[in-house]
Amino acid sequence: MKQFTPKLYDVLKTSYSKEQLFKDIIAGIIVAIIALPLSIALALASGVRPEQGIYTAIFAGFVISFLGGSRVQIAGPTAAFATIVAGIVAKNGMSGLVTATILAGIILIIMGIFKFGNLIRFIPYTITTGFTIGIAVTIFVGQIKDFLGLTFTTSPIETIDKVKAVAASIGTFNYQALIVGIVSLLILIFLPKIKIFSKIPPSLIAVIVAVVMVKILKMDVKRSDLYTISSAFPKPALPDLSYSAIAGQIPNAFTIAILAGIESLLSCVVSDGMIGSRHKPNMELIAQGAGNIVSALFGGIPATGAIARTAANVKNGGRSPIAGMVHAITLLVILVVLMPYAVWIPMPAIAAILFIVAYNMSGWREFISLIKDSPKSDIIVLVATFVLTVVFDLVVAIEVGMVLAALLFLKRMADVTEIKSWKYIGDDIDENDDPEHINLKQVPKHTLVYEIIGPMFFAAADKFLEISTGPDTRVLIIRMRGVPAMDMTALRSLKKIHALCKKKGITLILSHVKEQPLHMMEKAGFADEVGRENFCANIDASIARAQEIELG
């Protein structure tokens, strides 16, 4: 049960020093300052009120750090969820989002209890790379409007519709908004490269400079006061939990849960490498589930482990879950005390921050590298997932990507499975002219030997049709030492071969059948049909059995 104890418990049980507590508090405060503008920006990109991003960082951030399986994970709203959340809110309202997030939390807890933490690795890297850069593109496109100060006549949801709206409203371009956006973008790009500013969150400086510019120069720029930010402590509220509401949100819930699990565990792996620790994947999934449920109940949006904020925590000395808890408490204080001033933040500055978020998360270099170096099947999955994420949404992209990846994997496995026959070596064949004779045994004259190499499953079952017998064949040996696994479709094909052999008076011998195929044959009664005496441990025993049958 050790894998189901939070890392906080493990840390406090060991020698946790006052010096480390101080470092964790400082790291937590710094991460909170970094998280503040990001939380507001990501909330706006998700189509919800700005304070809801902060609620998410507070409640989900605290619960996930308190219960989590990582020492340094920082959780909160992330860019990966922006398009999903925006789509759910646009179609089903905030109540639909809350329902989907609570269901996702329950799914994550179940995944953790049933130890699915290690199964996340079965999501192909091509799919995660494809939808990651797809999400980055959708976030980038979604911020062009505010960066250029455009005025839309419609409220587009889909990325393609947003591109069309940008083209249609380009005449409403506001040069003052562009100036604020460019200045903010330059600060975000170049400030971290200046050594004396390297430890100051560039997003915070960008926001402050943008506010000062707009105030002093009295610039005509849209501000976040379009979304009046409440500093009140949120009250918990239950959404519509009727059968129809739950049934309608199950697909969205699974998407949120899978994405939260993938991103959180990836963040844990990255942070493990930074501090030389090992996370508890199943406990992390349970914590993510609990965090998302609490976040939704208090008006937040889906949360997951944030790689950038987690890395910032590590770089600033955080080494325990206490840093994440301090980060959440600091944001709560800021919410209550400073939120009235957040309405001054210009929207082009928020857009600039999200441009950088999109760029940092895109992994475009890795995308190009995969395009250059991967097999065609992997490129198909990668590009399809990317395009579907941009054109449709993440739900469609993941579903189609997984189906494509599975089908192409099955094809690849079927292609490597082969059935080959051994040549008979006798008086009529000159061994010196036979390149395979060194690797062959002396096979009785009326015996045929076929060897199967590779897994035998439904995609490769038709290869059994390659086995053929002659009019004088009395024994057919099928060597199966190279078959690690078999499914019922392949077994059905093997039964057909056995039935054909019986009809022709041919004895079927199976050589070196491995554990899984043998268990399946025994369970299906096929072992008794063939006869236990016709299951041989190796090829020598099989040939000896064939000689016995031919002589008998």
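Begin by selecting K218, which sits in the loop between helix 8 (202-217) and helix 9 (243-275), and keep in mind throughout that this is a predicted model. The side chain and backbone of this residue can be found from outside, since K218 is exposed, with a relative accessible area of 71%. Its backbone also deserves a look, for phi of K218 is near 50°, a positive value in a residue other than glycine. Most residues other than glycine have a negative phi.

Next, select H512, in the loop between strand 6 (507-511) and helix 18 (515-523). Here too phi is positive in a residue other than glycine, with a value near 55°, while H512 is partly exposed, at a relative accessible area of 34%.

Now move to S320, in the loop that connects helix 11 (307-315) with helix 12 (321-338). Is S320 buried or exposed? S320 is buried, with a relative accessible area of 0%. Show the side chains of S320 and D24, and a polar contact of 2.6 Å will be found to join them. Leaving aside residues up to four places away in sequence, S320 touches V11, Y16, D24, R71 and V72.

Finish at helix 6 (residues 159-168), where the buried residues are T159, A165 and V166. Looking down the axis of helix 6, you will find these buried residues within an arc of 115°, so they line one face of the helix. Add helix 5 (125-148) and helix 15 (376-391) to the selection, as the buried residues of helix 6 pack against both. Then turn to the other side of helix 6, where K164, A167 and A168 are exposed.

Methods. Residues numbered from 1 in each chain as written. Predicted model: local features only at pLDDT ≥ 70, side-chain atom pairs only at ≥ 80, totals over all residues. Heavy atoms only, no water. Buried < 20%, exposed > 50% of the residue type's maximum accessible area, 1.4 Å probe, protein only. Helix = DSSP H or I, 4+ residues; strand = E, 2+ residues; numbered from the N terminus. Arc of directions from axis to C-beta. Contact = heavy atoms within 4.5 Å. Polar contact = N/O pair within 3.5 Å; in protein donor to acceptor, adjacent residues only side chain to side chain.
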